[in-house]
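Trainee: I would like to learn how the terms used for a structure follow from their definitions. Could we go through some of them together?

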Amino acid sequence: MAHRSLRLLLLFLALACLPALARTAEPFPVRMVKLQGDPAAPATLAHLEHSRALGFNTVWVYGHQAGNWAEGKVRLNPDVLRIADWCREHGLTLYVSVSPVSATRGRFIFNERHGEKRIARFIRLLRRKAGVHDFVLSFDDMPARLTDLNDFLHYGASSAPAHLDLTRRLFRRMKKNDSLWLTAAAYCDAHLGDGSGRYSRPFLEQLPDLPPEVGMVWTGPEVLSPSITGEDLESTRERLGGRRILLYDNYPVNDDGRRLSLGLILGPLRQRSPEIAHHVAGYLACPMHQLGASRLPLRTVADFLADPWGYDPDRSWQAAIADLAGDDPAALDALRTQTLEWGGWIAGRNYHHVDRSSIFTAARELSHPAYVARWGYTLKRYPDRISALSGLIDPWFRDDVLLAMKRRLAVAR
């Protein structure tokens, strides 16, 4: 009887340990970060090196960064070839995203083979010269209606059948060890809606005809998703026929390519359920255009990807702040204060996406006394804080933060 009880106790302990043991396995085998920026720029290369040190193992490269296939001779960017060599040497994988409509400035014709053949040559060149085997066909933010008459006559008004048809044709050109992913014009749950939209209806109806090996790139419930749960992605996968999902998480992206924002996004990754690890084949983190400043939020993303069940956003955030501040107490105090001002979560207070915080929104605020008082605070507090932050030990992070603060101070003045 005692032996039986002991066996039951050992079995119970073993079963209790199973979830913990499962969590020791790598939860996100594909931990991807965008290349972002000029491939030849020192800031871009420093961003890659830092991302690798954080634990990212894959790099997303846009087709226009990788080279040119849309006109003239199909060619690759020598700077991206150098990056590909560096990635191979350091164990990183490249994914290249090709956007037919964007690359041809809206002139791509789906019903003819000319464009398809040029994309295929570009893919062959990437495979041969850069060792790329993972490709994305992207139609994000492209029109839901076709404009070419021949395309219209062949596919109908919606662009969804044309997007799916080109994806099928290119998939037939893939090699055995290649992967192909689709970023459709509907790339989040909000885009799909109830499935009756001009794009979503034919897309969902004809998606089963796409080979099941083609994965989907998805941003979650929304384009910028305040929350993503395992249930969200399980439901999405069911609607998409059980296909693999590459989660394109739009954080800490700020879409500030023209440097119009008057703040940065320096908060930690929040509202991401650990269960999403069970439902995605990979995760893509999207940095701000200010790559140096992105080091703080990307550190928290990397912590989540390494241990989603043990991740504590505030603990990760404070550890990242302390590491970036170094041993200077004044820099640490100033950085903590600045991250409170620029640490808001998606769609919430103190979230400084360019759509919510720019020179244009500042101009509209001039008639509101409360907003004017806030600019008075900037005028009073920023000079001393800028001086203290000059002691930050990471030059890439420091310079991006100081430049953003100085621009905000100039507006306040």
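Trainee: Are E341 and R408 buried or exposed?

Mentor: Both E341 and R408 are buried, a word that stands for under 20% relative accessible area, whereas exposed means over 50% and partly exposed in between, with a 1.4 Å probe and protein chains only. Please keep in mind that this is a predicted model, in which local features need pLDDT of at least 70 and side-chain atom pairs count only at pLDDT 80 or more, while totals for chains, interfaces and linings use all residues. Residues are numbered from 1 along each chain as its sequence is written, and side-chain values use heavy atoms, with hydrogens and water left out.

Trainee: Why is the contact of E341 and R408 called a salt bridge?

Mentor: A salt bridge is a side-chain nitrogen of Lys or Arg within 4 Å of a carboxyl oxygen of Asp or Glu, and the side chains of E341 and R408 meet at 3.7 Å, N to O, so the pair fits the definition. E341 belongs to helix α14 (residues 329-341) and R408 to helix α17 (residues 395-412), 67 residues apart, where helices are DSSP runs of H or I with at least four residues, strands are runs of E with at least two, and both are numbered from the N terminus.

Trainee: What makes R408 sit over the ring of W375?

Mentor: The definition asks for NZ of Lys or CZ of Arg within 6 Å of the ring centre and within 35 degrees of the ring normal, and the charged end of R408 sits over the ring of W375, 4.3 Å from its centre.

Trainee: Why is the aromatic pair of W60 and Y248 called edge-to-face?

Mentor: Rings of Phe, Tyr and Trp (its six-membered ring) pair if their centres lie within 6.5 Å, and planes under 30 degrees apart count as stacked, over 60 as edge-to-face and the rest as tilted. The rings of W60 and Y248 are 5.4 Å apart, centre to centre, with 90° between the planes, so the pair counts as edge-to-face. W60 lies in strand β2 and Y248 in strand β9, so the pair ties together parts that are 188 residues apart in sequence.

Trainee: How do you know that Y199 and F203 are stacked?

Mentor: Their rings lie 5.7 Å apart, centre to centre, with 25° between the planes, and so they count as stacked.

Trainee: Why does D323 count as partly exposed?

Mentor: D323 has 45% relative accessibility, which falls between the two cut-offs, and therefore D323 is partly exposed.
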